[in-house]
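Colleague: I would like a close look at a single part of this model, followed outward to whatever it meets. Please keep the cut-offs in view as you go.

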Amino acid sequence: MVSKRSDRFAARESGAAAIDWVILAVGVFGLALAVYSLFGSDLTLRGPAPEQVVETVAPAGPVPEVVAVYRARPLLYPHFDEAWRTAQIAAFAALDDAALLAAYDAQYGVATGTVNTLIGADYLGVIEAEIRLRGLDLPPGNRSFTDLHDALSQPVEAVP
């Protein structure tokens with residue numbers, strides 16, 4: 001009796017399609033898990049490709065006093081660091097005077113605005129240091145970076 005019942009069960013195909021789909025889904029999931037275990041962690045921990053790495057080198061020799069004043073101030077934006085500052089110093093040093101003053105005007109607007117003021121102030125410090133290093137004058141009526149830095153460094157009081 002048991003063998004007749006098992007033979008009839010094996011001969012029926014009513015649940016075969018569902019079982020096939022379950023096996024197929026488990027296989028796809030297993031394949032995806034295997035691929036992730038091979039490459040997933042490597043992709044998340046890998047740095048930039050070697051050809052994308054740009055080395056930043058600090059200028060050799062002593063830092064001029066006018067620049068040291070700006071470097072003594074801590075960066076305001078929490079995601080910027082000294083490597084960022086060094087890269088920006090090199091980038092703005094490569095600009096001509098007109099482009100440098102245009103960049104100053106743009107970042108002064110950001111630093112004195114309402115959005116991304118900390119980012120603008122950090123850029124402004126780098127640009128203003130280069131302007132002072134070249135002996136150029138700041139636009140009349142603009143607050144200095146040190147004044148803006150001091151103002152932005154103060155804790156903001158909550159509005160009642």
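Which residue does R132 meet in a salt bridge through its side chain, and what is the N to O distance?

Modeller: Before the answer, a note on the basis: this is a predicted model, in which local features need pLDDT of at least 70 and side-chain atom pairs count only at pLDDT 80 or more, while totals for chains, interfaces and linings use all residues. Residues are numbered from 1 along each chain as its sequence is written, and side-chain values use heavy atoms, with hydrogens and water left out.

The partner of R132 is E128, and their side chains meet at 3.7 Å, N to O, where a salt bridge is taken as a side-chain nitrogen of Lys or Arg within 4 Å of a carboxyl oxygen of Asp or Glu. Both residues belong to helix α6, and because they are 4 residues apart there, about one helical turn separates them; helices here are DSSP runs of H or I with at least four residues, strands are runs of E with at least two, and both are numbered from the N terminus. The two ends of the pair differ in cover, since R132 has 36% relative accessibility and counts as partly exposed, whereas E128, at 1%, counts as buried. For these words, buried means under 20% relative accessible area, exposed means over 50%, and partly exposed lies in between, with a 1.4 Å probe and protein chains only.

A second pair in helix α6 is R134 with E130, which are likewise 4 residues apart and so separated by about one helical turn. Their closest N and O atoms are 2.8 Å apart, with R134 partly exposed at 25% relative accessible area and E130 buried at 11% relative accessibility. This pair is part of a wider arrangement, as D97, E130 and R134 are linked in a network of salt bridges. The structure holds 5 salt bridges, and another of them joins the side chains of D150 and R73 at 2.4 Å, N to O. Because D150 lies in helix α7 and R73 in the loop between α3 (65–71) and α4, that pair ties together parts that are 77 residues apart in sequence.

Returning to E128, this residue is among those touched by Y104, whose contacts also include L124, I127, I131, L138, P139, N142 and R143, not counting residues up to four places away in sequence; contact means heavy atoms within 4.5 Å. Y104 leads in turn to the largest nonpolar core, which has 18 residues, and in which F92, Y104, Y123, L124, I127 and I131 touch the most other members. Such a core is a set of buried Ala, Val, Leu, Ile, Met, Phe, Trp, Tyr and Cys residues joined through side-chain atoms within 4.5 Å. Helices α4 (82–93), α5 (97–111) and α6 (117–134) each supply at least two residues of this core, and α6 gives the most, with 7 residues. Helix α6 thus supplies both residues of the R132 and E128 pair and the largest share of this core.

One further contact reaches the part of the chain around helix α4, where R85 is found. R85 touches V126, together with Y70, R71, R73, P74 and L75, again leaving out residues up to four places away in sequence, and at 6% relative accessibility R85 counts as buried.
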